[in-house]
Amino acid sequence: VRMPLALLAAGFIAVLIPQEIIGGLIGGASGFQGIVTSSVLGSFIPGGPFITFPFVIALMNYGAGDPQMVAFIASWSVIAVHRAIAWELPLMGPRFWFIRFASSAVLPPVAGILAALLWAAFGSHT
């Protein structure tokens, strides 16, 4: 039941954001700035894969670049601000959260850069 509803919700969310904005901010031509923007945006997406992956597919259909979406998914899985607020800060404390964030914040942009290099070396997935 959750999967069809998540796909529907992700489709509606992506339609609400104009395609020009998506292409300009996180499109394939946005380069490193788009990778960093995707890394920041991905860290704020709450929910599990039933929400995030349909949302990423919808963003890609509306012009988001492949390396940018790699950074988006890496940020969603590694940084996850919603998880930090709900679990890490109350249970582990701010010191733990800061050390974890500081040590992992570089990973999503690096994943996006590596994805861009691999796509340049081996071609597009289409």
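Mentor: A polar contact is a pair of N or O atoms within 3.5 Å; within protein, one must be able to donate a hydrogen and the other to accept it, and residues adjacent in sequence count only if both atoms are side-chain atoms. This is a predicted model, in which local features need pLDDT (the predictor's confidence in each residue, from 0 to 100) of at least 70 and side-chain atom pairs count only at pLDDT 80 or more, while totals for chains, interfaces and linings use all residues. Residues are numbered from 1 along each chain as its sequence is written, and side-chain values use heavy atoms, with hydrogens and water left out.

Trainee: Which residue's backbone oxygen does the side chain of serine 75 reach?

Mentor: Serine 75 is found in helix H5, where helices (H or I, at least four residues) and strands (E, at least two) are DSSP runs, numbered from the N terminus. Its relative accessible area is 0%, which makes it buried (under 20%, with exposed over 50% and partly exposed in between, for a 1.4 Å probe and protein chains only). Leaving aside neighbours within four places in sequence, the contacts of serine 75 (heavy atoms within 4.5 Å) include Gly42, Ala80 and Pro108. At 2.3 Å, its side chain reaches the backbone oxygen of serine 39.

Trainee: In which helix of the protein chain is confidence highest?

Mentor: The chain has a mean pLDDT of 88, with 92% of its residues reaching 70 or more. Confidence is lowest in helix H1 (residues 2-16), at a mean of 71, whereas the highest mean, 96, belongs to helix H5.

Trainee: Which residues are joined into one network by salt bridges that share partners?

Mentor: The structure holds 2 salt bridges, each a side-chain nitrogen of Lys or Arg within 4 Å of a carboxyl oxygen of Asp or Glu. Glutamate 88 meets arginine 83 at 3.7 Å, N to O, and it also pairs with arginine 100 at 2.8 Å. Arginine 100 lies in helix H7 (residues 94-104) and glutamate 88 in helix H6 (residues 81-92), so this pair ties together parts that are 12 residues apart in sequence. The shared partner joins the network of Arg83, Glu88 and Arg100.

Trainee: How do the rings of tryptophan 97 and phenylalanine 101 pair?

Mentor: Rings of Phe, Tyr and Trp (its six-membered ring) pair if their centres lie within 6.5 Å, with planes under 30 degrees apart counted as stacked, over 60 as edge-to-face and the rest as tilted. Tryptophan 97 is partly exposed at 25%, as is phenylalanine 101 at 29%, whereas phenylalanine 55 and phenylalanine 72 are buried. The rings of tryptophan 97 and phenylalanine 101 have centres 5.1 Å apart and planes at 10 degrees, so the pair is stacked.
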